[in-house]
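Please work through the following exercises with the sequence and the structure at hand. Each task is followed by a solution that proceeds step by step.

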Amino acid sequence: MRLLMLGGTEFVGRAVTEAALARGWDVTVFHRGRHAAPDGVRVVHGDRTTAEGLAALTDDGGTWDAVVDTWSGAPRAVRDAARVLAGRAGRFVYVSSASVYRYPGTAGSDESYPLVDGDPDAGQVAYAEDKRGGELAAEEAFGAERTLLVRAGLILGPYENVGRLPWWLGRVARGGPVLAPGPRDAAIQYVDVRDLAEWTLDAVAAGLSGPYNVVCPVGHVTMGELLEACVDVAGGPGAELRWVAPEVVLDAGIAPWEELPVWLPPGELYDTMHDTAVGKALAAGLRCRSVGETVSGTFSWLQSLGGVAPQRPDRPRKGLDPERERAVLGL
């Protein structure tokens, strides 16, 4: 297979690129050159947000079986790239997001759930509307039958540059009592970036199209199992999870998801993020590795970087201030 990766040097794009190379695919990476592309790819440099940058793709003269795009900014950037590539690639894969569904979600909802509005010609508006606009832009250029929409939920694993799982690993590595937000047995949904990459390439090879929710099934892992895996892999001196009821965490003014990454208290937002139907993707071959593999793989990657994860400049840093943690724990 001949694959064109738009981006391909960080997190999801890099995982897809490396998985394609491991399959022996011929991979071209189109990017701005800010980060090194994986060894073994053909590189084309250009800024997709400019006509001059996109001209590098047309001047290159390549053709591909599929294009994978992870863009999360202005939908018109997806539109412009897709229009340039519509006659030169067989399929367009847009890594979208479960955020395109209207809020609040309903527990157990699937791909038929109502969507936010999106405009393929828009500049950057807000994450959900931008992703929906990107979906529409891809379908407008390639047609629904040649467009695969990968609606990923929370993504964890190696190369994460958002700071969720890396923060938890760093926290337990410091050791001592760790504020663990309950309920301990609350199910959480995420997808390991490597499983997302493998499923996406399988879907490309199978010629799939349309929307798919791509995240582990409900019951695959709990908040307790995630944090216990972090302690097992990276726990520093005296690392001990101290479970705190969700109402106590909220009464302390601690922000779910941001100060305590991955965690959401019971309620509408929890149902929206951690109770999504994924039967369609499972039927199409989605396989989800164990939480231990996700945690250990991420920790090994962090160690290779000296323990400091990269951070996307357009995303706020995650994590709880140590003094606030101690206050809640009564230390």
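## Exercise 1: The end of the chain

The model is predicted. Leu 331 touches Pro 177, Arg 242 and Arg 326, with residues up to four places away in sequence left out.

**Task.** Determine where Leu 331 is found, and whether Leu 331 is buried or exposed.

**Solution.**
Step 1. Leu 331 is found in the segment after helix 12, which spans 322-329.
Step 2. The relative accessible area of Leu 331 is 54%. The cut-off for an exposed residue is over 50%. Leu 331 is therefore exposed.
Step 3. For a distance across the model, take Leu 331 and Cys 216, which are 115 residues apart along the chain. Their C-alpha atoms are separated by 36 Å.

## Exercise 2: The overall form

**Task.** Establish what the radius of gyration says about the protein chain, and how many helices and strands the protein chain has.

**Solution.**
Step 1. A compact globule of 331 residues would have a radius of gyration near 20 Å. The protein chain has 20 Å, so the value agrees with that of a compact globule.
Step 2. Along the principal axes, the C-alpha atoms fill a box of roughly 65 × 40 × 35 Å.
Step 3. The protein chain contains 12 helices and 11 strands.
Step 4. Consider the contacts between residues at least 6 apart in sequence: 75% of them join residues at least 24 apart.
Step 5. Of the 331 residues, 51% count as buried. The accessible surface comes to about 13,300 Å², and 50% of this surface belongs to carbon and sulfur atoms.
Step 6. The protein chain has 32 positive and 44 negative charges, and the mean positions of these two groups are 4 Å apart.

## Exercise 3: The nonpolar cores

**Task.** Identify which residues of the largest nonpolar core touch the most other members, and which element gives the largest share of this core.

**Solution.**
Step 1. Begin with a general tendency. In soluble globular proteins, nonpolar side chains tend to be buried together.
Step 2. The largest nonpolar core has 38 residues, of which Trp 168, Leu 169, Leu 179, Leu 260 and Val 295 touch the most other members.
Step 3. Two or more residues of this core come from each of helix 5 (165-174), strand 8 (177-181), helix 7 (223-234), strand 11 (240-244) and helix 11 (291-304). The largest share, six residues, is given by helix 7.
Step 4. Now examine Leu 169. Neighbours within four places in sequence aside, Leu 169 is in contact with Cys 230, Ala 234, Val 295, Thr 298, Phe 299 and Leu 302.
Step 5. A second, separate core has 33 residues, including Val 16, Val 193, Trp 199 and Val 214.

## Exercise 4: Two partly exposed residues

**Task.** State in which elements Gly 170 and Val 43 lie, and explain why each counts as partly exposed.

**Solution.**
Step 1. Gly 170 lies in helix 5, and Val 43 is found in strand 3, residues 42-45.
Step 2. Partly exposed residues fall between the cut-offs of 20% and 50% relative accessible area. Gly 170 is partly exposed because its relative accessible area is 33%. Val 43 is partly exposed because its value is 38%.
Step 3. Gly 170 and Cys 230 are 60 residues apart in sequence, and their C-alpha atoms are 9.2 Å apart in space.
Step 4. Val 43 and Val 27 are 16 residues apart along the chain, with their C-alpha atoms separated by 8.7 Å. Residues up to four places away in sequence not counted, Val 43 touches Val 29, His 31 and Ala 37.

## Exercise 5: Details of the backbone

**Task.** Locate Pro 104 and Pro 183, and decide whether Val 262 is buried or exposed.

**Solution.**
Step 1. The peptide bond from Tyr 103 to Pro 104 is cis, with omega near 0°. Pro 104 has its place in the loop between strand 5 (89-97) and helix 4 (127-142).
Step 2. The peptide bond from Gly 182 to Pro 183 is also cis, with omega near 0°. Pro 183 lies in the loop between strand 8 and strand 9 (191-192).
Step 3. Val 262 is not a glycine, although its phi is positive, at about 80°. Val 262 is found in the loop between helix 8 (246-251) and helix 9 (268-274).
Step 4. Buried residues have under 20% relative accessible area. Val 262 has 1% and therefore counts as buried.

Key. Residues numbered from 1 in each chain as written. Predicted model: local features only at pLDDT ≥ 70, side-chain atom pairs only at ≥ 80, totals over all residues. Heavy atoms only, no water. Core = buried A, V, L, I, M, F, W, Y, C linked by side-chain atoms within 4.5 Å. Buried < 20%, exposed > 50% of the residue type's maximum accessible area, 1.4 Å probe, protein only. Helix = DSSP H or I, 4+ residues; strand = E, 2+ residues; numbered from the N terminus. Contact = heavy atoms within 4.5 Å. Rg over C-alpha atoms; globule rule 2.2 N^0.38 Å. Areas by Shrake-Rupley, 256 points an atom, 1.4 Å probe, with all protein chains shown as cover. Lys, Arg positive; Asp, Glu negative; His and termini not counted. Charge placed at Lys NZ, Arg CZ, Asp CG, Glu CD.
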